[in-house]
Amino acid sequence: MRLNYFLLALICFLITFTGFSQDEKQEKRFKIHTVAFYNLENLFDTINDTTKFDEKSPIMEIKADREAIYVKKVKNMARVIADIGADVTGNTPAIIGVCEVENRQVLVDLVNDPLLLAKDYGIIHYDSPDARGIDVALLYQKDLFKPISHGSYEVKIYDDKTRKRTQTRDQLLVTGELDGDLIHVIVNHWPSRSGGEARSRTKRIAAAKVSKHIKDSLQVKDPYAKIFIMGDLNDDPTNESVKGVLNAKSDKEDVDLKDIYNPYEDMFKKSGYGTTAYRDAWSLFDQIMFTKELIKKDDYTSFRFYKAGIYNKQYLTNKRGRYKGYPFRSFSSGFTGGFSDHFPVYVYLIKEVKE
């Protein structure tokens with residue numbers, strides 16, 4: 001089949017593939033949806049929650065115009081979400097996992113922003129035990145995705161010196177139907193590299209084992225399950241947590257029935273792309289991986305993977321100075337007017353439309 005690329009900018013939720021036989025031209029039509037992930041960089045409200053250390057969040061350290069800054073921060077996040085995939089699908093993401101959110105209310109404010117309100121996003125969120133109150137969540141367009149079940153899974157990690165339990169973000173599992181297809185989405189925000197990559201490595205390996213356990217449990221029930229593992233992993237596609245524990249593959253031909261395919265590994269190794277930068281080095285911590293069923297060839301009767309990308313448009317980057325080209329973050333010694341210190345990531349899914 002030959003893809004007519006010029007049609008992508010002209011369609012809304014439908015794309016056309018054209019193939020030729022010896023005797024005739026055969027046209028097929030496809031639905032297309034965006035599945036995305038975005039680290040919202042400290043989307044905290046302006047209220048001091050005495051049950052957690054939210055006073056350490058950047059917005060709480062700002063003394064003046066805090067409410068106006070919060071409103072601007074929410075609008076900035078809504079703008080990005082509204083833009084992801086829109087140039088191809090004519091729509092905002094059908095599903096988007098998010099992290100670095102304080103509570104459900106900030107998500108309510110986000111989905112009620114004028115740029116997103118008409119999309120009628122639902123919210124799936126659990127409070128995590130993270131000391132600062134940082135959570136993960138899933139937003140979904142109610143017309144496109146129908147949740148069936150959801151739950152959170154704790155990640156047990158320990159301080160490498162004291163061996164005391166360290167609280168971190170739970171992982172979120174959501175099962176539902178995307179435009180008729182059963183899918184499972186695991187949303188992650190793995191432990192940071194605080195103290196250095198080597199010292200903190202075991203914590204991310206522990207988080208990867210939780211994701212693998214969730215995936216394996218789903219595949220026991222259905223080896224052909226369509227499972228997405230997405231999130232800010234604080235590890236690159238080549239690190240042990242991803243390559244070793246999850247056994248994520250970069251070559252579609254190497255992906256066996258219960259394996260995971262990671263389209264971001266080749267981007268990282270061959271192109272040097274990243275989603276966040278530090279000390280003049282790029283990292284690709286934000287990734288979306290998925291099971292073999294989504295990369296089947298020549299069978300588009302249900303949703304299949306089409307393309308992956310990093311949403312790094314110019315307005316999301318610093319234009320000048322020492323950090324030129326880096327993500328234009330929201331907070332750096334105050335509010336910058338920017339967006340996030342991470343770029344979002346996304347994948348397109350396509351399915352044939354029967355006439």
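Author: Residues are sorted by relative accessible area, found with a 1.4 Å probe on protein chains only: buried means under 20%, exposed over 50%, and partly exposed in between. The structure here is a predicted model, where local features need pLDDT of at least 70 and side-chain atom pairs pLDDT 80 or more, while totals for chains, interfaces and linings use all residues. Residues are numbered from 1 along each chain as its sequence is written, and side-chain values use heavy atoms, without hydrogens and water.

Reader: Why is D299 called partly exposed?

Author: D299 has 25% relative accessibility. That value lies between 20% and 50%, so the middle class applies.

Reader: What makes D299 and R304 a salt bridge?

Author: The term requires a side-chain nitrogen of Lys or Arg within 4 Å of a carboxyl oxygen of Asp or Glu. In D299 and R304 the closest N and O atoms are 3.1 Å apart, so the pair qualifies. R304 has 2% relative accessibility and therefore counts as buried. Elsewhere, salt bridges with shared partners join R193, E197, R201, R204 and D235 into one network. The whole structure has 25 salt bridges.

Reader: Which parts of the chain does the salt bridge of K226 and D181 link?

Author: K226 and D181 meet at 2.9 Å, N to O. K226 is in the loop between α4 and β12 (227-232), and D181 is in strand β11 (residues 181-189), 45 residues apart. Both K226 and D181 are buried.

Reader: Why does the pair K243 and E265 tie parts together?

Author: Their side chains form a salt bridge of 3.1 Å, N to O. K243 belongs to helix α5 (residues 240-245) and E265 to helix α6 (residues 264-271), so the pair connects parts 22 residues apart in sequence. K243 is partly exposed because its relative accessibility is 29%, whereas E265, at 3%, counts as buried.

Reader: Why is D170 said to have no salt bridge?

Author: Lys and Arg count as positive, Asp and Glu as negative, and His and the chain ends are not counted. The nearest side chain of opposite charge to D170 is R165, 6.2 Å away, so the pair misses the distance limit. D170 is nevertheless buried, in the loop between β9 (165-166) and β10 (171-178). Setting aside residues up to four places away in sequence, D170 touches several residues (heavy atoms within 4.5 Å), including D127, Y153 and E154.

Reader: What makes α4 a helix, and how many residues does α4 have?

Author: Helices are DSSP runs of H or I of at least four residues, strands runs of E of at least two, numbered from the N terminus. Helix α4 (residues 197-221) has 25 residues, so the condition is met. The helix reaches 36 Å from first C-alpha to last, close to the 36 Å expected (1.5 Å times one less than the number of residues).

Reader: Where is the kink in α4 centred?

Author: On K203, with about 25°, the angle between axes fitted to the seven residues ending there and the seven starting there. K203 is among the buried residues of α4, as are I205 and L218.

Reader: Why is strand β4 called largely enclosed?

Author: Seven of the seven residues of β4 (residues 95-101) are buried, so the rest of the structure largely encloses the strand.

Reader: What makes β4 and β6 a pair?

Author: Pairing takes at least two DSSP bridges. Six bridges join β4 to β6, which run antiparallel, so the strands pair. One of the bridges has G97 with L138 of β6 as its partner.
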